[in-house]
Amino acid sequence: MFNPVDARPDLISIEHEALRRWREEGVFERLRAQTTGGPAWSFLDGPITANNPMGVHHAWGRTYKDLFQRFRASLGHELRWQQGFDCQGLWVEVNVERELGYTSKRQIEEQGLAEFISLCKQRVLTYAARQTEQSIRLGMWMDWNDPADLLKLRDALAKDPATPVTINGANGPVSGPAEQLIGRLGTPEVGGSYFTFSDENNDLIWTFLAKCHERGWLYKGSDSMPWCARCGTGISQHEMTEGYADREDQSLYFGLSLVDRPGEELIAWTTTPWTVAANVAAAVQPTLDYELVEFDGRKLWIGASRRAAALGGGAPRAKLLETRKGSELIGWKYRAPFDALPAVSEALGPDGAAHRVIAWDEVGSEEGTCIVHIAPGCGSDDHKLGVAEGLPAIAPIDESGVYLDGFGNLSGREWHEVTEDVFTHLTAAKSLLRREKITHRYPHCWRCATPLVFRLVDEWFISMGPLYEKPRDQLTKAEIEASLRYQIMAVVDRITWLPEFGYERELDWLRNMSDWMISKKRYWGLALPIYECTACGKVEVLSSRKDLEDRATAGAAALEGHTAHRPYIDEVQIDCSGCGAKVTRVPDVGNPWLDAGIVSFSTMRYREDPEYWKRWFPADFITESFPGQFRNWFYSLLAMSTVMASSEPTKTVFGYGLVVGADGRAMHKSWGNSIEFDEAADRMGADVMRWLFVGSRPEENVHFGWEAADETRRRLLVLWNVYAFLVGQAASAGWTPKGSGATAKGRSVMDRWILSRSAELAASAERSFTAYDAYSAVRRLEQGIDEISTWYLRRTRERFAPDAPAKDRDAAFDTLHQALLTLLRVAAPIAPFLTDAIYRNLASAGLADSTGTSQVVGGAERPLAAAIRAGEAPGSIHLLHWPTAESVPWRDEALEASMDRIIRAAELGRSVRSLANIRTRQPLARARVVLGVSGSDEAELREILADELNVKSVEAVGDASGLFERRVKVLLPKVGKRLGGSTQAVMQAARDGAVEFLASGAVRIAGVDLAADEIEVQAVPREGQHVAEDDGLVVELDTALTPELISEGDARELMRAVQDLRKLAGLRREDRIELQATGAKAPLATHLAAIAAAVGAQNIQEVDRDPVGEEWHRGSVPLSAGEATLAIRRVTE
RNA sequence: GGGGGGAUAGCUCAGGUGGUUAGAGCUCCGAGCUUAUAUCUCGGCGGUCCCUGGUUCGAGUCCAGGUCCCCCUACCA
């Protein structure tokens, strides 16, 4: 017997109950054991940053990750089940700094690096534990660490890195000093999630970097980089995405005095006043015209096209003195307002002697003064230009954005504070012409939103190699060999990108990207294994920690017992292999995408178990939200796999969009459209959330909100209702799956149909999931829920009644049971909680004990129904094999096609009734149909249609022409050209029906003859016919009413009214009633027995007036002879 | 700045190569069906197909110009 089921399920508590059961019964562990040895299906998880609680946007991707893993496991594949945490990098530092209340790097160094880095590790462990719990709540099955273990490690580390700790490992407890154990997280021995701060991860990045160095791709570059003064670090090109925001600044026009043309000045324009002191050159466009004008006593050179704009309101006062091409200005020497500063004269010679006018093609005619202020120390184009022109550079600020010594009263001040002083100075020097507020897009730090500045810095890069000006297929081997960029592109070619545009986007990024900046002047991250000798300049890159330990000649003791992080690793020195001098590591840490990019090696035992690595690499599948990942994880994964193995890291990349608020805008707490993961899990539940995500088109953004969740929940509740009906009726009828002897053969059309649809569902969903198209699977599932509910169950309801014939009833129960179970199994990867809860009850008669059976249930050899009968059904739906194979014998495509026409004919019939204004309840004598259904099931199908349409008979007719008039549709694409100017007249005549039918199908319209293949004769219902047509399907209703039909209609009307009353009275199905009616004599006389049976009446009376008494429930109903009044009361025994 | 994609019902979007009554889903309104149901079925309301001009017998569709939005990419005084 099934457990009784509530009409309205509490989805949230069902989920918690399932989580508890999975944990207690070790369901996931049993699935792993069951699939061990199966063909490998390799999923590689992109690490989630363990820096904050998980958001609903993570839940989208994690749902995909989980459902494809569950699906593959149900096909018998062996999986690795490993997910990962991203641990190192600036984002963790920024949060730890915020917690400590720090505002600059200096405070970190003052506090001590060891303490700071320990706090970073602790934060990662805190949120790794938190995200683990949240992911489990989402239903994500992975080889999770016990969150308590992670917190235990964190607390031990906080106390003392050497504290001995014991945690649960892959094969029993593992122990070690806290810090060292943390470094071993994710190894085969410890098991669980991988952590990118692990020893193995960092060590393999060293190997990668050493390989790059071997090939000559690693270099130190000096460049003007975007720099965040708060974080004290350069921002790489990869990080610049979404870094721009509008900002209001003071722009200024200022004069530069020409040396050889006394009294004349060049007017330059800038939006960054703080860079004026670093001016070295002035760039002009050789092809543009420049004008010398006299203005307020000054003689100014300005681009001709910008004279009015540059002079502002005073422009009319200007007097033109001279015009020259830009090319004529080149080489002119000038003096700038800050030339007296010591730092400037040191760089440019006495009085700024190096200042000159240079040519630059990029100078445009639309902005500023067409004379561009060039400060090679403060801008990236400026720097390039400076290198090309052999100009010196002035780097005015330090890493905190503070002016260095030698800049007069600017020294010691922050860059953004000096604007007014610059104006004051320029005014005093009689250089300032005008200032103006402007709004422009300006780069900001993506972590802390501080405006960025450009700074001259030394950073480490991996060269992407040259970009050739010719198509890829024309490149020579040597050219490709010399360019990592093209080698990665070749790898990109071998990957299936979903959606397809991902392929082009990745290639586009590779074509456009500059060299990969891998260093950061920070603390928490990969220690770059770069050793640059200060004595001879030789650069060495160590390939592993062992390499370092072998080479160490000082400070090795400091590192002992610690992971390879700062500050301990900074103590270790090696001897330069060139000159023998002591060399210390460069202090920089690595770009965090190195950490995530190496995981297809570090987590797949690349070094310690090559056989294992070959089995799992490359991955079959990775998936992440695509905005950003083309330049981040996808990129680093590709680059590192190309260098390490010349291979694609994965066979398929599946990308999906962003989660936004219900209003389509980004989620923002202050906009009220933000939903936290925990809140969503508590209120809508994980299954609803998962279904909502998977049912969304991956290439578009999801609009996530409570209304969308309600819509999704409604769909799942229909499924629940089917289940509740089955369980409720089974209880009344005493049916259990164990007792069923029903077989598929000889079943009714409806039974065979729904089983066939179930088989199709399983097969098509398998195809969709295999193609990573979960969206289509959800669409098909929702169709399946609709079919089983609104067609199968609605049409077969009576067969489940306790007084229905037992043999047919058993067949109905068995059919519904199997169809429902099949649908649940297809839905299980998407909604793992609800499906498992329902499964457990539906299979309760035959569940094996919790140790399970050794045989996998649900394949062709061991169908689920047989296992239930034998008491060998596994304790969870997730342990079943995918249902395609066992449902193959159910398939009957011809029947599906026929039923489809019946369903559509029923819809047409209802449409006819609606137009004729005859309700379905009123029986009619006859329907005539053109169905196009034949075969042995035809009679039974017609009966279904008759019942659905409430007609006494359905007659199939071969020719429906008597029901229609002919209308001629002119096929314009065929004849339009020929008709030309007479087209309109012909069309009008055709619309009016002024058509003359000629022999052999031709027609004459408006005097024009049209051949049979130039027209289409259409059928429109003849006036007065109750007929509808769609795609060759025709339904016509005989609307003539006889007294018998009217009486029967009244009877049904009355039953319906009584049922409504019963519902209002809150009666249950099995309750018996007494019925008293007035004004219903005729229908009661002829249909008494049918009414009594339908409404469960023990006693029916036609009375003169309504009964008295509160126990009576009253109503009325319009019958053909007039209003009837009704009263019912429950019969008490 | 460069490249790409859009603009069609209140909302989300379909509408090969031009063809005369522009569709679907959701929402809203009405009706129908129904003691499993919140589902479902039928019908209705709802459109200057962004604007201007052109080609054509005929333009949502093709061409030119303009306006606005989105994505990618770059960032420049």
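Trainee: How many bridges join S39 to S40, and what makes the two strands count as paired?

Mentor: Four bridges join strand S39 (residues 1027-1030) to S40, and the strands run antiparallel. Pairing takes at least two bridges, so they count as paired. Keep in mind that this is a predicted model.

Trainee: Which residue of S39 stands opposite Val1035?

Mentor: Ala1028 does. On the S32 side, Val929 stands opposite Val1035. Five bridges join strand S32 (residues 924-930) to S40, again antiparallel.

Trainee: How many residues lie between S39 and S40 in their hairpin?

Mentor: Two residues lie between them, and Asp1031 in the turn has a positive phi of about 50°.

Trainee: What makes S40 a mostly covered strand?

Mentor: Take strand S40 (residues 1033-1038): five of its six residues are buried. Buried means under 20% relative accessible area.

Trainee: Let's go to a helix. How do you know that the span of H27 agrees with what a helix should have?

Mentor: Helix H27 (residues 749-770) has 22 residues, and at 1.5 Å a residue they should span 32 Å. The end C-alpha atoms are 31 Å apart, which agrees. H27 is also mostly covered, with 17 of its 22 residues buried. Tyr772, which follows the helix, has a positive phi near 60°.

Trainee: Why are H27 and H28 called roughly antiparallel?

Mentor: H27 and helix H28 (residues 774-796) pack at an angle of about 170°, with their axes 9 Å apart. Angles over 145 degrees count as roughly antiparallel, so that is the name for this pair. Among the residues making the contact are Trp753 and Leu761 of H27, and Leu781 and Trp791 of H28. By class, the contact has twelve nonpolar, five polar and six charged residues.

Trainee: Is Trp81 buried or exposed, and how do you know?

Mentor: The relative accessible area of Trp81 is 1%. The cut-off for buried is under 20%, so Trp81 is buried. You'll find Trp81 in the loop between helix H3 (56-74) and strand S2 (84-86). Phi of Trp81 is positive, near 60°, and the residue is not glycine.

Trainee: What makes a positive phi worth pointing out?

Mentor: Most residues other than glycine have a negative phi. Ser646 is another case with a positive value, near 50°.

Trainee: And is Ser646 buried or exposed?

Mentor: Its relative accessible area is 53%. Exposed means over 50%, so Ser646 is exposed. Ser646 sits in the loop between helix H23 (633-645) and strand S29 (652-656).

Trainee: Which bond joins Arg566 and Pro567, and what is its omega?

Mentor: A cis peptide bond, with omega about 0°. Pro567 is in the loop between helix H19 (556-559) and strand S25 (573-575). The peptide bond from Phe617 to Pro618 is cis too, with omega near -10°. Most peptide bonds are trans.

Trainee: One last sheet: what makes S35 and S37 edge strands?

Mentor: Three strands form an open, antiparallel sheet in the order S35-S36-S37. Strand S35 (995-997) and strand S37 (1008-1010) each pair on one side only, and that makes them the edges. On average, neighbouring strands are turned by 25° against each other, direction ignored. Helix H36 (residues 983-992) packs on this sheet and touches S35, S36 and S37. The direction of H36 makes about 110° with that of S36.

Conventions:
Residues numbered from 1 in each chain as written. Chains lettered and ligands numbered in written order. Predicted model: local features only at pLDDT ≥ 70, side-chain atom pairs only at ≥ 80, totals over all residues. Heavy atoms only, no water. Expected span 1.5 Å × (residues − 1). Buried < 20%, exposed > 50% of the residue type's maximum accessible area, 1.4 Å probe, protein only. Axes fitted to C-alpha atoms, helices over the stretch in contact; angles between N-to-C directions. Parallel < 35°, antiparallel > 145°, perpendicular 65-115°, else oblique. Contact = heavy atoms within 4.5 Å. Nonpolar A, V, L, I, M, F, W, Y, C, P; charged D, E, K, R; others polar.
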